Amino acid sequence: MEKEIIALLLKRDFLGLEQFIDLLGSDIVKCIRALLNHPEEITYRKEAENEVFYRIWQKIASYDADKSSLKTWSLTITRNICLDKKRAIIRAQNIIPMEQLPESPLVDDYFEKENFLDLLQNLSEEDQLIFLKYYYYQDTPSEIAKELTMDVTQVYNHLSRGRKKIKELFDPNI
């Protein structure tokens with residue numbers, strides 16, 4: 001089934017897109033809803049959904065079945081688009097995170113500024129998502145863990161490693 005869908009998509013046949021949506025559409029929508037779950041993001045869900053299907057349509061030639069399943073590849077695209085959308089929403093609202101990192105005054109000052117999103121660029125996509133949820137939306141580690149289907153200790157580990165990486169940007173001797 002997947003091979004037929006991929007072949008149709010590669011031929012730019014809309015039947016392939018329809019079948020793709022039938023096969024993975026609900027998983028993609030669930031992923032979008034899970035990632036764009038705050039009140040100010042809900043109105044962007046349909047836009048993200050359209051962008052995901054368009055990007056898949058455009059990038060299907062780059063899909064490699066040896067590297068991942070079609071579902072994994074598609075959900076990675078979905079996650080990336082949602083993370084980009086979160087950043088765009090935050091920038092558009094020009095909001096600065098309320099909670100700051102208590103570790104270092106230098107880092108605190110930096111987080112008070114609008115450069116919060118610039119700092120996140122130095123982290124992995126998963127860490128960026130966790131940082132946005134924790135420091136921007138002020139979700140609790142247990143809420144984040146439940147949403148991202150991971151253990152609470154993993155969330156704390158991601159936050160700790162992310163803070164350390166950001167500190168290293170300021171002082172490479174750490």
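Biologist: Which residues of H2 meet which residues of H3?

Modeller: In this predicted model, the H2 side of that contact is made up of Phe14, Leu17, Phe20, Ile21, Gly25, Ile28, Val29, Ile32 and Arg33. Facing them from H3 are Arg45, Ala48, Glu49, Val52, Phe53, Ile56 and Trp57. Sorted by class, the residues of this contact come out as 12 nonpolar, 1 polar and 3 charged.

Biologist: And how do I read the way two helices pack?

Modeller: You describe a packed pair by the angle between the two axes and the distance between those axes. Take H2, residues 14–35, and H3, residues 45–59: their angle is about 135°, and their axes lie 10 Å apart.

Biologist: What do we call that arrangement of H2 and H3?

Modeller: Oblique, because of that angle. There's a handedness too: H2 passes H3 in a right-handed crossing.

Biologist: Let's move along the chain. At what angle do H3 and H4 pack?

Modeller: H4 covers residues 70–93, and it packs with H3 at about 135°, the axes being 9 Å apart. So H3 and H4 are oblique to each other, and their crossing is right-handed.

Biologist: Which residues meet there?

Modeller: H3 brings Glu47, Ala48, Glu51, Val52, Arg55, Ile56 and Lys59. H4 answers with Trp73, Ser74, Ile77, Thr78, Ile81 and Lys85. The class count for this contact is 6 nonpolar, 2 polar and 5 charged.

Biologist: That leaves H2 with H4. How far apart are their axes?

Modeller: They're 10 Å apart, with an angle of about 35° between H2 and H4. H2 passes H4 in a right-handed crossing. On the H2 side you'll find Phe20, Leu24, Asp27, Ile28, Cys31, Ile32 and Leu35. On the H4 side, look for Leu70, Lys71, Ser74, Leu75, Thr78, Arg79, Cys82 and Lys86. That contact holds 9 nonpolar, 2 polar and 4 charged residues.

Biologist: Now for empty space. How do I find a pocket?

Modeller: The general idea is to roll a probe the size of a water molecule over the atoms, which shows where empty space is left. Here, the largest pocket has a volume of about 190 Å³.

Biologist: Which residues line the largest pocket?

Modeller: Its lining consists of Lys30, Cys31, Ala34, Leu35, Leu75, Arg79, Glu147, Leu148 and Thr149. By class, that's 5 nonpolar, 1 polar and 3 charged.

Biologist: Which helix supplies the largest share of that lining?

Modeller: H2 does, with 4 residues. H2 and H4 each give at least two residues to the lining. You can pick out Cys31 and Leu35 of H2, along with Leu75 and Arg79 of H4, in the contact between those helices, and these residues also appear in the pocket lining.

Key
Residues numbered from 1 in each chain as written. Predicted model: local features only at pLDDT ≥ 70, side-chain atom pairs only at ≥ 80, totals over all residues. Heavy atoms only, no water. Axes fitted to C-alpha atoms, helices over the stretch in contact; angles between N-to-C directions. Parallel < 35°, antiparallel > 145°, perpendicular 65-115°, else oblique. Left-handed = near helix turned anticlockwise from the far one by under 90°. Contact = heavy atoms within 4.5 Å. Nonpolar A, V, L, I, M, F, W, Y, C, P; charged D, E, K, R; others polar. 1 Å grid on protein atoms, 1.4 Å probe; cavity = no way out; pocket = protein on both sides within 12 Å on 5 of 7 lines; lining within 4 Å. Points joined across faces, edges and corners; volume = space filled by probe spheres on them.
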